[in-house]
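Subject: Structure for your review

Hello,

Here is the structure I said I would pass on. My notes on what was found in it follow below.

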Amino acid sequence: MTAPTRRLSLLLLEDDPRLAPVVAELLSDVYDVTLVGDGAVALERALTGEFDLLVLDRRVPTLDGLEVVRRLRARHVATPVLLLTALGTTADLVAGLDAGADDYVVKPFELDEVLARLRALTRDHTGPQKQLGAWTYRPGSGEIHSPYSGRIPLTVREDALLAMLAGEPDRVFSRAQILAAVFPHGEAEGTVDAYVHYLRRKTDRDLIETVRGRGYRLGHP
């Protein structure tokens with residue numbers, strides 16, 4: 001007899017007194033939901049590492065959702081983050097992704113869309129282990145192992161970008177190709193440059209090579 005599948009735990013940051021309990025109740029059909037209405041409280045809870053997913057409203061008291069994401073990523077917490085925002089301009093959405101969110105949904109939203117985005121963030125895409133110079137990487141694992149300091153967590157989008165490059169190490173990918181595959185919601189091409197910067201900062205600046213006028217390919221760290 002197989003053991004029952006563990007329900008994933010989800011931290012929901014939402015302070016709207018009408019929306020918060022409704023969203024929490026609907027999500028609780030699928031996840032073990034903890035609801036908080038304050039950004040500082042959400043940050044404290046998320047830093048414990050007890051949650052599999054974070055759903056953060058952007059505009060909340062104390063710390064907004066964007067700042068919560070920034071502080072989590074600065075502490076190398078790679079828990080997948082879905083950002084809820086009423087700000088639907090390209091600049092606002094890019095700001096959320098640049099802060100470290102893995103995906104976003106613009107209000108008002110349909111629950112089915114939120115659930116689909118959450119499933120995508122937790123889907124197992126792990127592949128065979130690869131050796132990138134002295135670095136050890138398993139695509140989809142959410143981490144890369146440094147020869148100097150051990151495990152380094154990657155966000156979902158960082159992982160997806162590195163997996164794309166590592167999958168065809170000799171191929172040069174244009175920004176448009178990377179954008180379509182890794183950031184499929186209409187972000188600006190500058191988002192690709194930002195995530196390349198994040199990966200280089202976490203790992204080795206030679207891990208990703210810039211091919212001037214063409215795009216990026218896996219480097220030789």
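Thr62 sits in the loop that runs between strand S3 (53-57) and H3. The model is a predicted one, and in it Thr62 has a positive phi of about 70° although it is not a glycine. The residue counts as exposed because its relative accessibility is 59%, and the cut-off for that class is over 50%.

A second backbone detail concerns a proline. The peptide bond that leads from Lys107 to Pro108 is cis, and its omega is near -5°. Pro108 belongs to the loop between strand S5 (103-106) and helix H5 (111-122).

Next, the domains. The domain assignment of the protein gives domain 1 (9-122) and domain 2 (130-218). Their C-alpha centres are 24 Å apart. In the contact between the two, domain 1 takes part with 16 residues and domain 2 with 13 residues.

On the nonpolar cores: the largest has 49 residues. The residues with the most contacts inside this core are Leu54, Leu56, Leu132, Ile144, Leu161, Leu162 and Ile178. Helix H8 (residues 190-202) contributes the largest share of the core, six residues. Why does this core lie between domain 1 and domain 2? Both domain 1 (9-122) and domain 2 (130-218) give residues to the core, so it lies between them. A second core, separate from that one, has 16 residues and includes Ala24, Leu27, Leu53 and Leu121.

Leu162 can serve as an example from the largest core. If neighbours within four places in sequence are left aside, Leu162 is in contact with Leu132, Tyr137, Ile144, Leu154, Leu199, Leu207 and Leu218.

Two helix pairs were examined.

- H6 and H7: helix H6 (residues 156-167) packs against helix H7 (residues 175-182) at an angle of about 130°, and their axes are 10 Å apart. That angle makes H6 oblique to H7. The contact is made by Arg157, Ala160, Leu161 and Met164 on the H6 side and by Gln177, Ile178, Ala181 and Val182 on the H7 side. The crossing of H6 past H7 is right-handed.

- H2 and H3: the axes of helix H2 (residues 39-46) and helix H3 (residues 65-74) come within 9 Å and cross at roughly 25°. H2 is therefore roughly parallel to H3, since angles under 35 degrees count as such. From H2 the contact uses Gly39, Leu43 and Ala46, and from H3 it uses Val68, Arg71 and Leu72. H2 passes H3 in a right-handed crossing.

The last item is Asp159, which lies in helix H6. Is Asp159 buried or exposed? Asp159 is buried, because its relative accessible area is 6% and the cut-off for buried is under 20%. Apart from neighbours within four places in sequence, Asp159 is in contact with Tyr137, Pro139, Gly140, Ser141, Gly142, Glu143 and Leu154. Tyr137 and Leu154 also appear among the contacts of Leu162. Asp159 and Glu44 are 115 residues apart in sequence, and their C-alpha atoms are 25 Å apart in space.

Regards

Note on methods: Residues numbered from 1 in each chain as written. Predicted model: local features only at pLDDT ≥ 70, side-chain atom pairs only at ≥ 80, totals over all residues. Heavy atoms only, no water. Core = buried A, V, L, I, M, F, W, Y, C linked by side-chain atoms within 4.5 Å. Buried < 20%, exposed > 50% of the residue type's maximum accessible area, 1.4 Å probe, protein only. Helix = DSSP H or I, 4+ residues; strand = E, 2+ residues; numbered from the N terminus. Domains from an automatic or database assignment. Contact = heavy atoms within 4.5 Å. Axes fitted to C-alpha atoms, helices over the stretch in contact; angles between N-to-C directions. Parallel < 35°, antiparallel > 145°, perpendicular 65-115°, else oblique. Left-handed = near helix turned anticlockwise from the far one by under 90°.
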